[in-house]
Amino acid sequence: MGMDRRTFIAAGLAATLAPRGAAAQMSDHEKSIYEAAKKEGELTWYIAHYTSETAERFGRTFTEKYPGVKVNVVRTTAQVAFQRLSQDIQSNVPNCDVFATTDIGHCVSLKQRGLLMSYRPQGVDQISPIFRDVDKDGQFHTTSATFVSILHNTNKVKAEDAPKTWKGLLDPKWINQVSVGHPGFSGFVGIWTVQMKKLYGWSYFETLAKHKPQIGRSIIDTVTMLTSGERIVAAGPGGLAYLQASRGNPVGVIIPEEGAVLMSSPTSIMKNTRRPNAAKLFAEFLHSREAGAIVVDEYGSPLRDDIEPRPGVLKVNQMKLIQPSVDEIVKGIPECIEQWRDTFGI
Amino acid sequence: MVDIRADSAAAIPSSPPARNRDLRPKRTFDPMIILWIVLALLLLFLIVNPLLRLIVDSFRQVNGSELTFANYISAFSRARHIQAVINTLWMASFASLIAASMAVPLAWAVSRTDMPGRDLAHASVIAAFIIPTFLGAIGWMLLAGPNAGWLNKIWVGIFGTATGPFNLFSFWGLCFVVGIYAFPLIYVFTRSALDLISTEMEEAAAVHGAGTLRTMMKVTLPLALPAILGAFILVFLETMALYGTPALIAIPARYNVATTQLATFFEHPIRVEVAAAFSMPLIGVTILLLWVQRLLLSNRSYVSVSGKGGDRRIIRLGPWKWMLAGYALFISLVTVLLPLIVLLHCAFAKAWGRGASLSNFTLDNFYHIFFEQMTVRQSMWNTFSYAAVTATFCCAFGFGVAYIVQRRLLPFTSVLAFLALSPVIIPGIVLAICFYAAYAGAPFYLYGTSAIIIIAFITRFMPIAFVTVGTGIRSINPELEEAVRILGGNRLMVLRRVVGPLLKKTLLGAWILTFVLATRELSTAVFLSGPETRVISVLTLDLSEQGRYEILAAMGVVLLFVTTAVVLAGMRVLGRDFMLRRT
């Protein structure tokens, strides 16, 4: 779509200013849960989709749109979020109201144990059909979509010299130069690991281990490693790389020939939530135009078809994408974490 | 300082002078018995129950009730898990050696020689003690990252090599960072031992023709050796139980240690029982080493360590003093100055990788943590309020127990004393598992509350408060109190009018010490904090996953600002040495 920068910013402004008049435009459903949510006053959001800055921005924007309802943002990697949630469950303490992970296996496991609430936000109808209704019972919904691809430090590696394929990341010239996350922490890295194993078998990681990559915990850390010049190529999140590049940092994105790995991440409402209305309202918000505007502003890929990403940011349907199936993820991530620990020693 | 373990050896067997017995109440029922029961129950709640739960859980089926050895099998049947324990022992050994190689010469130089800048060297040890280990680790990640680290960049700039020589993300990098933030403990012990050794023997050696170096090696060091070894053991135990630095450095270094391994047992499905089984060797090593340490320190048959000091002659080093001063400067550079400079730069930088320039300067990071990221503000408030409550309670409780023990007011006081000191056998991260097992779920349901973190902190730091206050009480002559009693005053009046005022400074010192330690505690908090009860250390660990060091550095600067202010205020009231004093 031909949207120049000025119109784009104007659209963004319109979206952020919208809350002022929002009360008038609220649907009856929205109004009634907002009234009830105000009495609950707050909600706690375990969030692994975004960086802590972006997650806090979601929280602030939500409170601006719905004054009187505060969001406690708990941003960690997916596996740490799930560890904390499991501790909550084991101690029978309903700390978490809305759980947003990047490892869909978490939601499947929680659903099997009957710990999730069935709720279909109205906004689900607004998102692109490929992301709609991942769970037939409406216990989790896709709230974020981005991709993991090859990233490089543009000062130290020209785009033409950077690896073009996932296999190319194993070229000996990248010994001591690769940055990756850890599947025992990051859900994105978990899914990426499952996908690489599916493509090339576990020997992919045995070779990678010999090349001594820098192993962070979150996949976000790979971008920091590139911008600081600590490492020069990485398997990292595309959206964040675009954002950092826009701030003048030397990061470039390369879509590998095999395809970038699609990360569609789910959100659930916990069944034992103490603030069901605030949680529902927040679930509605995650599919709203305001939430989409934040995603776009941070160089992410919006889920809604009626919101365009920033110029230069690829829409997820504009690139070659690969993704393991839900079953492969559910079964694959725990296996891969164990194998990873054996192979990398950590 | 964290010197309780050494003093515990002295504190337990110390039988008070016989005249104290006169103070013992002669009535058949003393209302003090109620206080005893309350204290004993509290100790039961804080120490005995969690520890028992840990031991019982280690034999309990995962999420079941049957007794089993399966947890030990799951904990130790993987080569990787055993390797983690071995790695920990290596890391702790080398880190302690690094700490000792810094602390011993420095302590000797400050205590005995005419090295210039002794006061500054001492002040820099205090500063190193205030810096939380995880913050120092972040500073060093920015300094010695293999490619982007400042030191490596400077090296490459000067020598034109392709890469710099330093790689923090390695076994040696890990040992180095752990060691340089553990050295103040050895320094304190060594220095106080050296302060107590009379120089007469050194002079005798000198008269018989030994040079300075020979005297030091043959006379001074052997005399101080038990204290040094004792401190070495304490540092070994402290470093063995660290979680933050390994999480930051050992993961990228691909080096698994026991604490990072323990953390993996908390992944879904949570296996606290296996974690409990895995903790046992850590507790075993701790008990064994504390026993060795006690043997070392109680066998002080050296008459020369008289405690009286005698005449102290300053050793004139001649030109060597400059070399020693250089070493002291090096120590203060690596422990305090370099990490602090790089953290300050980072806290005020847009992107730390861009280096120091005006265009890279910003206040946004501080704006962000104070006004945008609500969780940071809350965690700062949590950190300081939990630390204050912990310190207050530890001091009150430590005072109560220490007074009763010292004055033998109640029967079985030695049991009370033993209990109050017993948390030292539990490494911080294991203590968290104890508390998680005992109080997170039914019937207490304390998980996610501030209470569980505060009581864990209290348990962890009570021995320090107990020993510090106990030492203060020992120095008060009971005659003063007897006088009040003879003149008809009751025990309460004794406490209010005599003991309280005399102990004011001791209590304040203990309060500040516990406060500072609690603000930097990570291992104990990491499995106990819920979404609204995170402290700065836990939040730092969470945020460090993403590598946004600018925000972390800004948080660290605020934390250091507050603790430094508290310590400086303490120094004004209590004198320069209150933080780093052994007795």
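**Notebook: strands of chain A, the fold of chain B, and what they share**

I began with strand β4 of chain A and noted that five bridges join β4(A) to strand β7 (residues 233–237) of chain A, the two running antiparallel. I should record at once that I am working from a predicted model.

For the register of this pairing I looked up two positions: A:Ser149 stands opposite A:Gly236 in β7(A), and A:Val148 stands opposite A:Pro237 in β7(A).

I then followed β4(A) to its other partners. With strand β9 (residues 260–269) of chain A, β4(A) pairs in the antiparallel sense over seven bridges, and there I found A:Pro266 of β9(A) as the bridge partner of A:Thr142. Strand β8 (residues 251–254) of chain A is joined to β4(A) by four bridges, again with the strands running antiparallel, and in β8(A) the bridge partner of A:Ile150 is A:Ile254.

How much of β4(A) is buried? I find that 13 of the 13 residues of this strand, which covers residues 141–153, are buried, and I have it down as mostly covered.

I turned next to β7(A) from its own side. Five of its five residues are buried, so I describe β7(A) as largely enclosed by the rest of the structure. Besides its bridges to β4(A), I noted two bridges that join strand β5 (residues 178–180) of chain A to β7(A), and here the strands run parallel; A:Ser179 has A:Ala234 in β7(A) as its bridge partner.

**Domains of chain A**

I looked up the domain assignment of chain A, which gives domain 1 as 5–145 + 264–314 and domain 2 as 146–262 + 319–344. The centres of these two domains, taken over C-alpha atoms, are separated by 26 Å. Where they meet, I count 21 residues of domain 1 of chain A in contact with 21 residues of domain 2 of chain A. On the domain 1 side, the elements that each supply at least two residues are α5 (78–91), α6 (104–112) and β4 of chain A. That side of domain 1 of chain A divides into nine nonpolar, ten polar and two charged residues.

**Chain B as a whole**

Which kinds of secondary structure does chain B hold, and how many helices and strands? I find 24 helices and zero strands in chain B. Its C-alpha trace spans about 80 × 75 × 50 Å along the principal axes. To judge the overall packing, I compared chain B with the globule rule: for 583 residues a compact globule would have a radius of gyration near 25 Å, and chain B agrees because its own value is 25 Å. I also noted that 53% of the 583 residues of chain B count as buried. Of the contacts in chain B between residues at least 6 apart in sequence, 80% join residues at least 24 apart.

For one residue of chain B, I checked B:Leu329, which is found in helix α15 (residues 320–347) of chain B. Is B:Leu329 buried, exposed or partly exposed? I put B:Leu329 down as partly exposed, because 15 other C-beta atoms lie within 10 Å, whereas 20 or more would be needed for a buried residue and 12 or fewer for an exposed one. B:Leu329 and B:Ala263 are 66 residues apart in sequence, and I read 37 Å between their C-alpha atoms.

**Between the chains**

The contact between the chains takes 35 residues from chain B and 45 residues from chain A. On the side of chain B that touches chain A, the elements that give two or more residues are α17 (374–406) and α23 (536–544) of chain B. I see that side of chain B divide into 15 nonpolar, 13 polar and seven charged residues.

**The largest nonpolar core**

Last, I looked up the largest nonpolar core, in which, out of 288 residues, A:Phe282, B:Ile186 and B:Ile433 touch the most other members. Helix α4 (residues 79–112) of chain B gives the largest share of this core, 15 residues. Domain 1 and domain 2 of chain A both give residues to this core, so I place it between them.

I followed B:Ile433 a step further and, leaving out residues up to four places away in sequence, found that B:Ile433 touches B:Leu54, B:Val272, B:Ala275, B:Ala276, B:Ser279 and B:Phe527. As a general reminder to myself, nonpolar side chains tend to be buried together in soluble globular proteins.

Note on methods
Residues are numbered from 1 along each chain as its sequence is written. Chains are lettered from A and ligands numbered from 1 in the order in which they are written. This is a predicted model: local features need pLDDT of at least 70, side-chain atom pairs count only at pLDDT 80 or more; totals for chains, interfaces and linings use all residues. The radius of gyration is taken over C-alpha atoms; the globule rule is 2.2 Å times the number of residues to the power 0.38. Two residues are in contact if their C-beta atoms, placed from the backbone, lie within 7 Å. Two strands pair if DSSP finds at least two bridges between them. Ala, Val, Leu, Ile, Met, Phe, Trp, Tyr, Cys and Pro count as nonpolar, Asp, Glu, Lys and Arg as charged, and the others, Gly among them, as polar. Domain bounds come from an automatic or database domain assignment. A nonpolar core is a set of buried Ala, Val, Leu, Ile, Met, Phe, Trp, Tyr and Cys residues joined through C-beta atoms within 7 Å.
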